[in-house]
Amino acid sequence: MDFNDTPQEAAFRTDVADWLAQNQLTDADREGRSALEIAKLWQRRKYEAGWACIGWDTEYGGRGASPIERVIWDQEEGKYNVPSRFFVIGQGMIAPTLMVWAQPQHKENFLPKLASGEEIWCQLFSEPAGGSDLAALRTKAEKDGDDWVINGQKIWTSQAHYADYGIIVTRTDPTVAKHKGLTMFIVDMKAPGIDIKPIKQLTGESDFNEVYFTDVRIPDHYRLGDVGQGWTAALTTLMNERLAIGGGGPGADVKLALEIATLVEIDGKPAIEDSAVRAKIADFHVLEAGLEYNGYRAITALSRGELPGPENSIGKLVGAPKLQAIASFCMDLLEESGIVWSDDNLLTSLAQRSYMGAPGLRIAGGTDEIMTNIIAERVLGLPQDPRLDKGIPFNEVPTGN
Amino acid sequence: MDFNDTPQEAAFRTDVADWLAQNQLTDADREGRSALEIAKLWQRRKYEAGWACIGWDTEYGGRGASPIERVIWDQEEGKYNVPSRFFVIGQGMIAPTLMVWAQPQHKENFLPKLASGEEIWCQLFSEPAGGSDLAALRTKAEKDGDDWVINGQKIWTSQAHYADYGIIVTRTDPTVAKHKGLTMFIVDMKAPGIDIKPIKQLTGESDFNEVYFTDVRIPDHYRLGDVGQGWTAALTTLMNERLAIGGGGPGADVKLALEIATLVEIDGKPAIEDSAVRAKIADFHVLEAGLEYNGYRAITALSRGELPGPENSIGKLVGAPKLQAIASFCMDLLEESGIVWSDDNLLTSLAQRSYMGAPGLRIAGGTDEIMTNIIAERVLGLPQDPRLDKGIPFNEVPTGN
Amino acid sequence: MNFEFSEEQLMLREQARGFLKQECSPSVTRSVLDGDMHYDRGLWQKVAEMGWTATTIPEEYGGLGLGYYELAIIAEELGRAVAPIPFSSSVYLATEAIMAFGSSAQKNKWLPGLASGEVIGTLALSERSGRATAENLSVTCEDGLVTGTKTPVADGMIANIAVVACKASAGHVQLALVDLAQDSVDRTMVTTLDPSRGHASISLAKTSAEPLGEGEVSWSAFEALLDRAAVLMAWEQLGIADMALEQACDYAKQRFAFGRAIGSFQAIKHKLAGMYVKNSLARSNAYHGVWALASGSNSLQLAASTARVASTQASLFAAQENIQTHGGMGFTWEFDCQFYYRRAKVLSLAIGSERHWQHRLVSALQHNHANAA
Amino acid sequence: MNFEFSEEQLMLREQARGFLKQECSPSVTRSVLDGDMHYDRGLWQKVAEMGWTATTIPEEYGGLGLGYYELAIIAEELGRAVAPIPFSSSVYLATEAIMAFGSSAQKNKWLPGLASGEVIGTLALSERSGRATAENLSVTCEDGLVTGTKTPVADGMIANIAVVACKASAGHVQLALVDLAQDSVDRTMVTTLDPSRGHASISLAKTSAEPLGEGEVSWSAFEALLDRAAVLMAWEQLGIADMALEQACDYAKQRFAFGRAIGSFQAIKHKLAGMYVKNSLARSNAYHGVWALASGSNSLQLAASTARVASTQASLFAAQENIQTHGGMGFTWEFDCQFYYRRAKVLSLAIGSERHWQHRLVSALQHNHANAA
């Protein structure tokens, strides 16, 4: 066991650090550019120097780097304030799907543009009728000549309003069992018949969209996998989603709790000296550190050629409720002023943002309950619940409506 | 809302208090008598004065007292150190069952002897194959002339080794659905063919027994309800069990935690001044007080003629885990000496007894999980789990063996 | 012994529930949440016309002279409706403070207006991060002039008067009654987690005020006032907790996944049963709390702290898991789940956090324990 | 970066697990639990023959000179087996104390025996209810004579030597090395929650002892010793947590109710998933703990406290819910569930409660936080 770099790793880290130091974004780069434009500029710069998606094969614009090298890159790049969120879905979840399921010409065409940041992609899976039960989706795809005609509605689609392409799972046969009648396609988001409506979250922000499809035509060569193989293809995406999402980004954490507990007083003494405050912060740290070292163990496993397994569900399952609990705890430390939402007070606003955002994290990409089920069934090997929707035609599955 | 007695209630309380003061057990009474003998002596004394099972009709030896009067009696009798546990099952659970289901001559014969404490009864429901799934019991009852012949095994039977009679649920028809093929009987525990083996619990004590039945004959007039009506009859018992068990008797509670936290020091100050200790004790008190006032609300409902409902499951569901948590907390307060089991130290031994006993309370009379399901389905009206054992013959229900 | 509300009181509950269904549908709360109003004036007037603001005020001051059982029932219903009105500030706090400490002149001057709802009152306590205490109060009161800033003050943008906790020149704590219609009063709106209840930062510069009652108010007397408010707050929080549970149950029964209502999955049904358990323990503790308040029991501190802690925990849990039960839709602006999530958190910090009330609860336990020993 | 045990270390784990399956079946633990032995002498001898007691002792003192990774692996396996032997007392505590503070004479005198298992050592710290601190130690050491009572002392009935925390005449804390084979030593057996590990009350009356090392041992140096033991204790607790989880899973798969394996009910499967989550976070924290111990990292206090708190919480939860998952049978003497329930609680209080380690954890966080600022 060793946290230190091997000589090769150290050398690689130096190369990365040097390049980043010399090529980091300047104020001039940021001047007058939107967040998306800045992100694309940075991605393009990395791409041209061979530092984009370094884990990918060179033919797709990567450099075939090892998992550890990817971690080193992320650690070093993380030291700079560079935007990356725009590419998480495309590069982290969709590209791996294309690599497995797309036709050769599409891999050659799309993957380099995904790596260079030239094109943004979105994922069109969830539907109003299929949330936790993703495979219950109803969006229809019907063959018409060499095309497929898509009708239906998707929901919770991030980036739909500025995406160039998306991958969509559709129902091509409602008369067979739920998981059997699905087919996945690449869809051109600029195609006629696509209508995009933003969803306002309880945070007031709009990170997601509803996407309506009316007679949208998709050429058959955009199909990913065979007809009826859509669920298998979707699992490729979902498995990588679990890796991509992880704990759920920046927010209220032990560090924030410590800072607030050091500033605020309880009975005339710093709150951090209060025994109850200490006990809670300790418990939060146990979760936070446990997740961090879980991550290192996972990376080590990857670097030994093991495939990422369902145990990766833990990151989000523990991370999202932890975010909610720490945020609530931080507000409590502030007493009545904990409810004041002022963006000029970074401490409180970070706590409140996290408090309002955490419920979404506990749901998006698999609810706490779904994640727990995955661990129970796929890690511990416990039996499934009785499946009332198994082995019967999809259009005969009870829907309650 | 009023915690005080009405004039009538006050008068009743005075009568009760006076009688108890004049008739309480003396040292002479206790001298040389076993706990059971003392209990029987006290019960007989109450019976002869008309203070036994005061809620029952006079014909059965009671005095038709109201629910509130019963509470008043329990409060006043509770001020004296009198044994009662021997009669909880017989008077609290079985008598109500006999009142509904037994033939008149058996009510006239058995109920007064239950009230007087002359006869002890036990409940023969649980089986190795039917724990949480009580109705999955397999003990066979086959008609032979005017008798029924019983073969099988019961488990978790309290008092079996000194009970005079019991009520037993048997399977009289394995070819119909699980709940349909059951029949309940009175059984003479002294009858030939009954073999009783005590069960040693992890506490080291033996409060329960296994009871084996080999060709035990029961006359048909001992049948309680019609053939196949056993489950309905059993529900009468179970509904009263929930009332009888409640929070689960004496043990580690907030008072104990307070005493220990006042005696033990943390960092040179009484532990009770430690903020984390206070927070936990507060949370325990919220549960304890909530249960107490739940009880008063239930009694008020009873006194208004409402029937006791499934919400009474809360007592045990909250009480048993609370007992386990407080016991563990008390041991933690004592640090390493919390593990020392010395009967001369009442504080620690009460905590440890509770810690070891609580797991049993969380299981006996319905596990936490069963109680939670009861609340979800019968109080909140949420739908049942899919029932794989529903509507198929019992002998075709999957058993895993 | 009778541990239930009277028939009349239960009828009042039905009436109140029906009234608020009519007059305080979710759209009313939503319009305040979405808009830039600090409260719903129309609803406030109707509530006042119902006499709710006058509930416990003696008839000689234009009140109804009813008891705290009635007020608790109204509090629960206002919680269920997430009503966007300054009821808790004006009734549980300002009115109660004046009734508890005010001179008869002050009562004559202010109680009729508070009873009729024409006067909105509030309590100004918090000054900074952390809890205001007798030691750290920085707002001063000298020769009837109050100076300093209080923030956040619930309903501070719309209140006509404020009971301001401040430090007198002599160093003791004083409750100053401030008429907010003065030039020296500077209010700025404060955005909070729950925009359906306005909050303000109120700065006072030598603002004239009269001491409430005889001037000096012991901190323990002030905390006893908060005990009384805590019981009523607990009932309001209980209303939120029960509504969140009811909505979660309804949704779990009609939303299907994997061919079954999601309410048939134990992951959901046991979550909801857990809510029910917390709520019904909170309710029983709230019963005891209002009994102690109405009967003037000397166990009020324990009863109030217990009810407050129980309702805080129940409402936060129910509001949070109601969103979770609704899944993605529960996280949208369009659904009402957010009302309970926001209001539950804000109420849990008004008049002191869970931590504060846990400590106050244990202090009462220690007191009883010492007396028993 | 490599955050996994080496091939050799993983082989050692397989070997240790196989050995204990063979030599420490549940019946071995049960016989000590049921009988009046304080440990299983035969198992102790075999474990010593395997060289486990010699793991981290330098070769010059008859040890194997292996590292803490190997010792952690052994600790986990001993936890899984609920082994009824004085390993933690003799190895994590006594041996470590002598290696950390002992003079070379003391090392020469005792380490070979500790390595071979012929000498059993223990730490005598606790004196009364509550935690022993530098301030409240009452056992004294004057001119090499120790007087006072220590209780409970794990494995105190069978130990040959004890490292006794006491107060020197000068008032400073001292660790006294006491040969327990002296007439002035009075041991009485102490019954505890876990009879499969003997405990004693040890009274010393002017018992001759030698100060460990240079006499004065700062309390912080002593606590650093406990940090080291805490990492190993955490691995032993982790073994208990994982065995409890495995048994619960096995039972949930084969026990049927309502026509299904009980493991197909989310009430059970989500309970077990919850155990798994706690256990795997504890495992990752234990990895970091042993890395900090083996690499001599200056983050040992934080790493050790975190591993200790995580393993304490995971093992208590798993042991408790394993019984619950087994239902009535889990509550019988005949089933093994009780082993984990008893041992988990006893280990959670050895070398300090969850509370103590939570505080020590936060002290380390504060230290880092202050340095970062």
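1. Let's start with one residue in this predicted model. B:Trp156 has 25 other C-beta atoms within 10 Å, so it is buried; the cut-off for that label is 20 or more. You'll find B:Trp156 in strand β3 of chain B, which covers residues 147–158. Have a look at its backbone too: phi of B:Trp156 is near 65°, a positive value in a residue other than glycine.

2. Now try A:Asp215, where phi is near 50°, again a positive value in a residue that isn't glycine. A:Asp215 sits in strand β7 (residues 208–219) of chain A. Is A:Asp215 buried or exposed? A:Asp215 is exposed, because its count is 11 other C-beta atoms within 10 Å and the label applies at 12 or fewer.

3. While you're in chain A, find A:Leu124 in strand β1, residues 121–124. A:Leu124 has 30 C-beta neighbours inside 10 Å, so it counts as buried. Who does A:Leu124 touch, leaving aside neighbours within four places in sequence? Its contacts are A:Lys154, A:Thr157, A:Gly166, A:Ile167, A:Ile168, A:Val187 and A:Val211. A nice one to check on screen is the pair A:Leu124 and A:Val169: they are 45 residues apart in sequence, but their C-alpha atoms are 6.7 Å apart in space.

4. Next, some cis peptide bonds. One joins C:Thr151 and C:Pro152, with omega at about -5°. Another joins D:Thr151 and D:Pro152, with omega at about -10°. Both prolines are in strands: C:Pro152 is in β3 (residues 145–154) of chain C, and D:Pro152 is in β3 (residues 145–154) of chain D.

5. On to how chains A and B are arranged. A rotation of 180° with 0.0 Å of shift along its axis puts chain A on top of chain B, with an RMSD of 0.0 Å. That is the relation of a two-fold axis. Which residue of chain A comes closest to the rotation axis? It's A:Ala276, whose C-alpha is 1.9 Å from the axis. Both copies use the same surface, as 100% of the contact residues of chain A recur in chain B.

6. The contact between chains A and B takes six residues from each of them. On the chain A side, these split into four nonpolar, one polar and one charged. Zoom in on helix α9 (residues 275–303) of chain A and α9(B): their axes come within 6 Å and cross at roughly 80°. The two helices are therefore roughly perpendicular to each other. At the crossing, A:Ser275, A:Ala276 and A:Ala279 meet B:Ser275, B:Ala276 and B:Ala279. That helix contact has four nonpolar residues, two polar and no charged.

7. Chain B also touches chain C, with 37 residues of chain B in contact with 39 residues of chain C. On the chain B side, the elements giving two or more residues are α9 (275–303), α10 (313–333) and α12 (368–379). Of these, α9(B) gives the largest share, at 15 residues. By class, this side of chain B has 24 nonpolar, six polar and seven charged residues.

8. Last, the core. The largest nonpolar core holds 515 residues, and C:Leu272 and D:Leu272 touch the most other members. Leaving aside neighbours within four places in sequence, C:Leu272 reaches into chain B, where it contacts B:Ala376, B:Leu380 and B:Leu382. In chain C, the contacts of C:Leu272 are C:Leu245, C:Ala248, C:Cys249 and C:Ala252.

Key. Residues are numbered from 1 along each chain as its sequence is written. Chains are lettered from A and ligands numbered from 1 in the order in which they are written. This is a predicted model: local features need pLDDT of at least 70, side-chain atom pairs count only at pLDDT 80 or more; totals for chains, interfaces and linings use all residues. Two residues are in contact if their C-beta atoms, placed from the backbone, lie within 7 Å. Helices (H or I, at least four residues) and strands (E, at least two) are DSSP runs, numbered from the N terminus. Ala, Val, Leu, Ile, Met, Phe, Trp, Tyr, Cys and Pro count as nonpolar, Asp, Glu, Lys and Arg as charged, and the others, Gly among them, as polar. Copies are superposed by least squares on the C-alpha atoms of residues with pLDDT of at least 70 in both. A nonpolar core is a set of buried Ala, Val, Leu, Ile, Met, Phe, Trp, Tyr and Cys residues joined through C-beta atoms within 7 Å. Axes are lines fitted to C-alpha atoms, for helices over the stretch in contact, and angles run from 0 to 180 degrees between N-to-C directions. Angles under 35 degrees count as roughly parallel, over 145 as roughly antiparallel, 65 to 115 as roughly perpendicular and the rest as oblique.
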